[in-house]
Amino acid sequence: MSPTPLFSITGPFSAWIKHRSLTLELSRRDILGRYRGASFGLLWSLISPFLMLIVYTLAFGYILKARWPGTTGNTTDFAMLLFLGLLTHGFFAECLTRAPTLISGNVNLVKKIVFPLEVLPWTVVLSALFHAMTNMVVFVLLNLLLRGEIHWTLVFWPLVLAPLAFVALGTIWLLSSLSVFLRDIAQITGVLATAMLFLSSAIIPVQTLPERYQAIFRLNPLTFIIDQVREIAFWGRVPDWLGLLAYLAGAMVFAYLAFAVFQKTRRGFADVL
C-alpha cells in the first residue's frame, strides 16, 4: 500500500475513507485497554471525572472561595462551570500528552510497510472524545441533581467541540512525527498541558483579569472553546457560530499542514526507530 500523498484534499480523512473499520477497532481497543484489569472497568471513565471535580471544587470553591461572575455566587454554580472547563481541557490534554509516544511506542506497526500510520492519531482523538462524552454525561447528571436544570442548547456540544478536535488531530500529527527525531518533546508536553490549563478560562474568568493579561489567555486555543461550551451547557445560550466557523477554518488549515509534515517525515520513521 503506497502512502497517502503529501498534499491531498482527502488525505487527513483517509482513515475514514479507506480504513474506517480499522480506525474504529483500534479506538475500541485503546479505550478498553486503558481499563483492562481494573475492577470497575469502564465505570472508571465516569468515576474519574467525578473525583476530579471534587478535588478542584474543594481547592478552589471551598478553600480559595473562588466565585464566577454572573452567577448566584454559590459553590455549586462554580463547580459546574469549573467542570466544563476541566472537561474541555482534559480532552485536548489527553491528545497532547499522548502524541509524543504515539509513533515511537508502536515500532511494530511502523515496521509494517502496509500499515496506514495515519490511522493512529484518529484513534487517540476518538478515545479522548469518548472520555469527553462520559465527562459530559457526569455533568448532565450532576447539573440535574444539584441545579435541577438542563438546557436544550446542549445538543450543540458536538459542533462546539469539533473545531478543537481538528486542532488536537493536527497537534498529534505534528508532535508524533517530530518526536521520532526529537525525543525531548515528550518532556515538554506535560508542562505545556498544565500551562494551557492555568492560562485558559478553565479555572479563571478571563474578564476578571487586568486587560494586559487577558490577551495571553485569549490566545490560548482552549479559551474560546471552553467559553462556548459554557454558553450552551451552563447558560443555555446558542454558541457564537461565526466565531466557531472562523476557529474551524484555522483548525482545518493547521490540521492539513500538520498532516503534510507527518506524511513528509514518516518516510524516515523506520530508519530512526
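Aspartate 30 forms a salt bridge with arginine 98, with 2.6 Å between the closest N and O atoms, where a salt bridge is a side-chain nitrogen of Lys or Arg within 4 Å of a carboxyl oxygen of Asp or Glu. This pair links distant parts of the chain, since aspartate 30 belongs to helix H2 and arginine 98 to helix H4 (residues 75–98), 68 residues apart; helices here (H or I, at least four residues) are DSSP runs, numbered from the N terminus. The model is predicted, and local features therefore need pLDDT of at least 70, while side-chain atom pairs count only at pLDDT 80 or more and totals for chains, interfaces and linings use all residues. Residues are numbered from 1 along each chain as its sequence is written, and side-chain values use heavy atoms, with hydrogens and water left out.

## Salt bridges

Side chains of opposite charge can pair when their charged atoms come close. By the rule given above, the count comes to eight salt bridges, among them the three in this table.

| Salt bridge | Closest N and O atoms |
|---|---|
| Aspartate 30 and arginine 98 | 2.6 Å |
| Arginine 29 and glutamate 25 | 3.0 Å |
| Glutamate 231 and arginine 237 | 2.8 Å |

Arginine 98 has a relative accessibility of 23% and so counts as partly exposed, on a scale where buried means under 20% relative accessible area, exposed over 50% and partly exposed in between (1.4 Å probe, protein chains only). Arginine 237, at 41% relative accessibility, is likewise counted as partly exposed. Glu25, Arg28 and Arg29 are joined into one network by salt bridges that share partners. Within this network, arginine 29 and glutamate 25 both lie in helix H2 (residues 20–34), four residues apart, which is about one turn of the helix. Arginine 29 counts as exposed because its relative accessibility is 52%, whereas glutamate 25 is partly exposed, with a relative accessible area of 28%.

## How the helices pack

The axes of H2 and H6 come within 8 Å and cross at roughly 50°; axes are lines fitted to C-alpha atoms, for helices over the stretch in contact, and angles run from 0 to 180 degrees between N-to-C directions. That angle makes H2 oblique to H6, given that angles under 35 degrees count as roughly parallel, over 145 as roughly antiparallel, 65 to 115 as roughly perpendicular and the rest as oblique. The crossing of H2 past H6 is right-handed, a crossing being left-handed if the near helix is turned anticlockwise from the far one by less than a right angle, and right-handed if clockwise. Among the residues that meet here are Leu22, Leu26 and Asp30 in H2, and Trp122, Leu126 and Phe130 in H6, with contact meaning heavy atoms within 4.5 Å. Sorted by class, the contact of H2 with H6 has nine nonpolar, five polar and two charged residues, where Ala, Val, Leu, Ile, Met, Phe, Trp, Tyr, Cys and Pro count as nonpolar, Asp, Glu, Lys and Arg as charged, and the others, Gly among them, as polar.

H4, the helix that holds arginine 98, packs with helix H10 (residues 221–233) at an angle of about 135°, their axes being 9 Å apart. H4 and H10 are therefore oblique to each other, and H4 passes H10 in a right-handed crossing. Residues of H4 including Leu81, Gly85, His89 and Phe92 meet residues of H10 including Leu222, Ile226, Arg230 and Ala233. This contact of H4 with H10 comprises nine nonpolar, three polar and one charged residues.

Helix H7 (residues 157–181) and helix H11 (residues 241–265) have axes 8 Å apart and pack at an angle of about 20°, so H7 and H11 are roughly parallel to each other. The crossing of H7 and H11 is left-handed. Their contact residues divide into 22 nonpolar, five polar and no charged.

## Two buried polar residues

Asparagine 143 is found in helix H6 (residues 119–146) and is buried, with a relative accessible area of 0%. Not counting residues up to four places away in sequence, asparagine 143 touches Met80, Gly148, Glu149 and Ala233. Asparagine 143 and aspartate 77 are 66 residues apart in sequence, and their C-alpha atoms are 9.1 Å apart in space.

Glutamine 228 is found in helix H10 and, at 7% relative accessibility, also counts as buried. Leaving aside neighbours within four places in sequence, glutamine 228 is in contact with Val160, Pro239, Asp240 and Leu244.
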